[in-house]
Amino acid sequence: MHLRLALALIVLLGWAFGPAFAEPRLELMSRTTWRDSDPRFGGFSGLHVYPGGQRFLTVSDRGSIAQGHFLREDGRITGAKLDALAPLRDPDGRPAPGKAGDAEGLAVRADGRIYVSFEGQHRVWTYSSFGGEAAWLPRHDDFRGMQNNSSLEALAIDRKGTLYTLPERSGRLDRPFPVYRYRKGGWSQPFALPRHGPHLPVGADFGPDGKFYLLERNLSGLLGFETRLRRFSFRGPVLGAEEILLSTRAGTHDNLEGLSVWRDSEGHLRITMISDDNFKAFQRTEFVEYRIHE
């Protein structure tokens, strides 16, 4: 009788908590506020961390692109420095004005080419160098009908140089988020990602593991922002095998919108995120970094 009870408890605990180390565990490595006196500083919504985890690139929703580097101790971010800040230029070389400069998503190809998605005017531009002039990518027909201030919020690029983007809003709580793919000179919409509750996509990246990472947030009134991070694996031509890696309570972090996934010198995957302070005094620009244990 006692043996049966013990076995039942083992089964129950295994069902409730899962086998040891079966699921990835995230360790919070650092949470650091970034400040600078440049009046253009702030509103950062996209992030790329270069291999090695020292240098980064970010874009602002007020039409700027910035380069910087981290200060680290024992692998943890202790500070960040701005190295250069320049306007996001249009194809004529002029700074993109007003809503035309509302940059949200950022992706960098292996050869250094930069891609930026915008939600004020729904499009993706590409740059051969920091501070250079833009080149247009064609638009999917769906882009023109997307909701203002809620369109191409997230942008990611895979190892083959294929771009993926999705809008911040799907239109209904029970409607999946459409994912658009750019390759061979054109866009398609090959699949959609399930929507769970009020969280909205704000950042995306492909990790060195080849998996697709999606950063989502929800504003929970005066309590602040909730952050969620999901990961998907490819099953054939579509994304599947969804995992929820992180789900925070309101106020744990600020308005995290930019995401970059990279591998550190010890072989661990790192997830680095940046917050959009909306140029508000009561918010802050912060870098938040987690390490994945698998």
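For the residue classes used on this tour, Ala, Val, Leu, Ile, Met, Phe, Trp, Tyr, Cys and Pro count as nonpolar, Asp, Glu, Lys and Arg as charged, and the others, Gly among them, as polar. The model you have open is a predicted one.

**First stop: the second largest pocket.** Select R217, F225, N255, N278 and Q283, which are the closest to the centre of the second largest pocket among the 32 residues that line it. The volume of this pocket is about 650 Å³, and its lining divides by class into 15 charged, 10 polar and 7 nonpolar residues. If you then colour strand 15 (residues 212-219), you will have picked out the source of the largest share of that lining, namely 3 residues.

**Second stop: the largest pocket.** Move next to I157, D158, R159, F206 and G207, which lie nearest the centre of the largest pocket, a pocket lined by 34 residues. Its volume is about 760 Å³, and by class the lining holds 18 nonpolar, 8 polar and 8 charged residues. To see which strands contribute, select strand 2, strand 6, strand 12 (177-183), strand 14 and strand 18, each of which supplies at least two residues of the lining; strand 18 gives the most, with 5 residues.

**Third stop: the cavity.** A search of the whole structure for cavities of 30 Å³ or more finds 1, and the volume of the largest cavity is about 50 Å³. Selecting G46, L106, L155, G203 and A204 will show the residues closest to its centre, out of the 15 that line it. The lining draws at least two residues from each of strand 2 (44-49), strand 6 (103-108), strand 10 (152-157), strand 14 (200-206) and strand 18 (256-263), and it comprises, by class, 7 nonpolar, 5 polar and 3 charged residues.

**Fourth stop: the sheet that includes strand 10.** Keep strand 10 selected and add strands 11, 12 and 13, since these 4 strands form an open sheet in the order 10-11-12-13, with antiparallel pairing. Strand 10 and strand 13 (186-193) each have a single partner strand and stand at the edges, so one side of each has no neighbour in the sheet. On average, neighbouring strands here are turned by 25 degrees against each other, with direction ignored.

To finish, zoom in on strand 10 and strand 11 (residues 163-167), which run antiparallel and are joined by 5 bridges. Which residue of strand 11 stands opposite A154? Selecting L166 shows the residue in question, which faces A154 from strand 11.

Note on methods:
Residues are numbered from 1 along each chain as its sequence is written. This is a predicted model: local features need pLDDT of at least 70, side-chain atom pairs count only at pLDDT 80 or more; totals for chains, interfaces and linings use all residues. Side-chain values use heavy atoms; hydrogens and water are left out. On a 1 Å grid over the protein atoms alone, a cavity is a set of points where a 1.4 Å probe fits but cannot get out, and a pocket is an open set with protein on both sides within 12 Å along at least five of seven lines; lining residues have an atom within 4 Å of a point. Grid points are joined across faces, edges and corners, and a volume is the space filled by probe spheres set on the points. Two strands pair if DSSP finds at least two bridges between them. Axes are lines fitted to C-alpha atoms, for helices over the stretch in contact, and angles run from 0 to 180 degrees between N-to-C directions.
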